[in-house]
Amino acid sequence: MLGIPCSLPLYFTATALAKLAHQDGEVAIVKAAFKAGVPYMLPTLSSYTLDEMLGACEPGQELYAQLYVNPERSRSEQYVRKLEAAGVKALFVTVDAPQLGRREKDMRSKFTQQGSDVQDKDGDEAEGEVDRSQGAARAISSYIDPSLNWDDVPWLKSITKMKVLLKGVQCGEDAVLAYKAGLAGAVLSNHGGRQLDTCRPGIEVLPEVMEALREAGCKPGEFSVFVDGGIRRGADIFKAVALGATGVGVGRPVLYALASYGSKGIVRMVQMLQDELQMVMRLSGAPNVKMITDKLVLTTNLADHIVPLPTDNLTRLTYQSLQPAARL
Ligand SMILES: Cc1cc2nc3c(=O)[nH]c(=O)nc-3n(C[C@H](O)[C@H](O)[C@H](O)COP(=O)(O)O)c2cc1C
Ligand SMILES: CC(C)CC(=O)C(=O)O
């Protein structure tokens, strides 16, 4: 995936402040990613510094990185240069958090526990800039520039030779804009439902995006489409790949495994997904990943959910990314 050999079509997606799950935080995730043979997307807003995360890597270990763009663009440029110098293969620019979603449980937590140090890009303690009274996410979200928009794409491409992708695309139109802007791909995601409640998960957006890209003249392999959100079983990976995804990201399963059993728990979690994926492949007659095609899944009920949603949630939201901020 994006030039990195992987033991299955899966990567660990960026999750900020991994020390909240376990004292070994991102360092344990880096180590598990190597053992499991999958890439880890280093988060910008990590609890360990970039140098500490890179220091935990084995020689030759391949990485992705996630980017939250800072209002001070030179700060982001410096960070990106550091990632590139470290050999990071692809940069995923998060485009679905220009405004923080309303996270009521988090707001009540106050974010004062030990071990919740906030690192910004590469190790400066961002302590002075942080309001800790409204939860973890609010405390660190001031780092993110809400004015990021499509006009910034040429700048993003100009500051690095790494592949640049958008993380948090929700519709075919935005995927086509990203493709036409010369980006390397997109992650279809609703940010794990943490940003805009009731919007569609990536898997539901995937068929629409693949069709829009095909109509725009995009050839297979020219633009990589990934999905994250709710990937919990090997069958979920299978379905995403069948519908055209290059691979999937997992976030919370990594944190749950980390919190429960540390780094080795994450390796075990990947093994479980790998075993399940292999079982589904065998039982559905796909001998290798290339042969997991859309003939093997039905999409007629794609938007139906096994767990009935409350009626007021039945209408799904969708969004376009990188738009000017609304004002009331
Ligand atoms: C605790 C937590 C922190 C997250 N932090 C980030 C982040 O810093 N940057 C980002 O782009 N996405 C972040 N995400 C979103 C994930 O990358 C991913 O889109 C989402 O969790 C869906 O995957 P999952 O259902 O496997 O968790 C975070 C998610 C969680 C749960
Ligand atoms: C500051 C937040 C937006 C970090 C994040 O991406 C998340 O918690 O989902």
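# Loops, two helices and two ligands

Hi everyone, let's start with Thr 198, which is placed in the loop between β6 and α8. (Helices are DSSP runs of H or I with at least four residues, strands are E runs of at least two, and both are numbered from the N terminus.) Before I go on, this is a predicted model, in which local features need pLDDT of at least 70 and side-chain atom pairs count only at pLDDT 80 or more, while totals for chains, interfaces and linings use all residues. Residues are numbered from 1 along each chain as its sequence is written, and chains are lettered from A and ligands numbered from 1 in the order in which they are written.

Back to Thr 198. This residue is not a glycine, yet its phi is positive, about 75°. Most residues other than glycine have a negative phi. Thr 198 has 15 other C-beta atoms within 10 Å, so it is partly exposed. (Buried takes 20 or more other C-beta atoms within 10 Å of the residue's own, exposed 12 or fewer, and partly exposed falls in between, with C-beta atoms placed from the backbone.)

His 191 is in the loop between β6 (185–188) and α8 (202–215). Its phi is positive too, near 60°, and His 191 is not a glycine either. So is His 191 buried or exposed? It is buried, because 21 other C-beta atoms lie within 10 Å.

His 191 brings us to the ligands, since it is one of the residues around ligand 2. The others there are Ala 16, Leu 45, Ala 97, Leu 100, Ala 137, Ile 140, Ser 141 and Arg 194. ("Around" asks for a C-beta atom, placed from the backbone, within 6 Å of the molecule.) Ligand 1 has 21 residues surrounding it, and the closest are Ala 16, Thr 94, Gly 192, Gly 251 and Arg 252. You'll have heard Ala 16 in the list for ligand 2 and again in the one for ligand 1.

Now, on to helix α3. Which of its residues are buried? They are Ser 76, Tyr 79, Val 80 and Leu 83. Looking down the axis of α3, these buried residues fall within an arc of 100° (taken from the directions from the helix axis to the C-beta atoms), so they line one face of the helix. An α-helix has 3.6 residues a turn, so residues three or four places apart point the same way. Strands β3 (63–67) and β4 (90–94) are among the elements covering the buried residues of α3. On the face turned away from that buried side, α3 carries the exposed residues Ser 74, Arg 81 and Ala 85. Just beyond α3 comes Gly 87, with a positive phi of about 90°.

Leu 83 is also one of the residues that Met 162 touches, along with Glu 84, Val 88, Lys 89, Ala 90 and Leu 91, leaving aside residues up to four places away in sequence. (Touching is having C-beta atoms, placed from the backbone, within 7 Å.) Met 162 is found in the loop between α6 (153–158) and β5 (163–169), and it counts as buried because it has 21 C-beta neighbours inside 10 Å.

Last stop, α10. Its buried residues include Val 254, Leu 258, Ile 266, Leu 273 and Met 281. What do the buried residues of α10 pack against? They meet β1 (10–12), α1 (25–36), α9 (234–242) and β8 (247–250). After α10 comes Gly 285, with a positive phi near 80°. Thr 299 is in the segment after α10, and its C-alpha is 8.5 Å from that of Pro 207, although 92 residues separate the two in sequence.

Methods: Contact = placed C-beta atoms within 7 Å.
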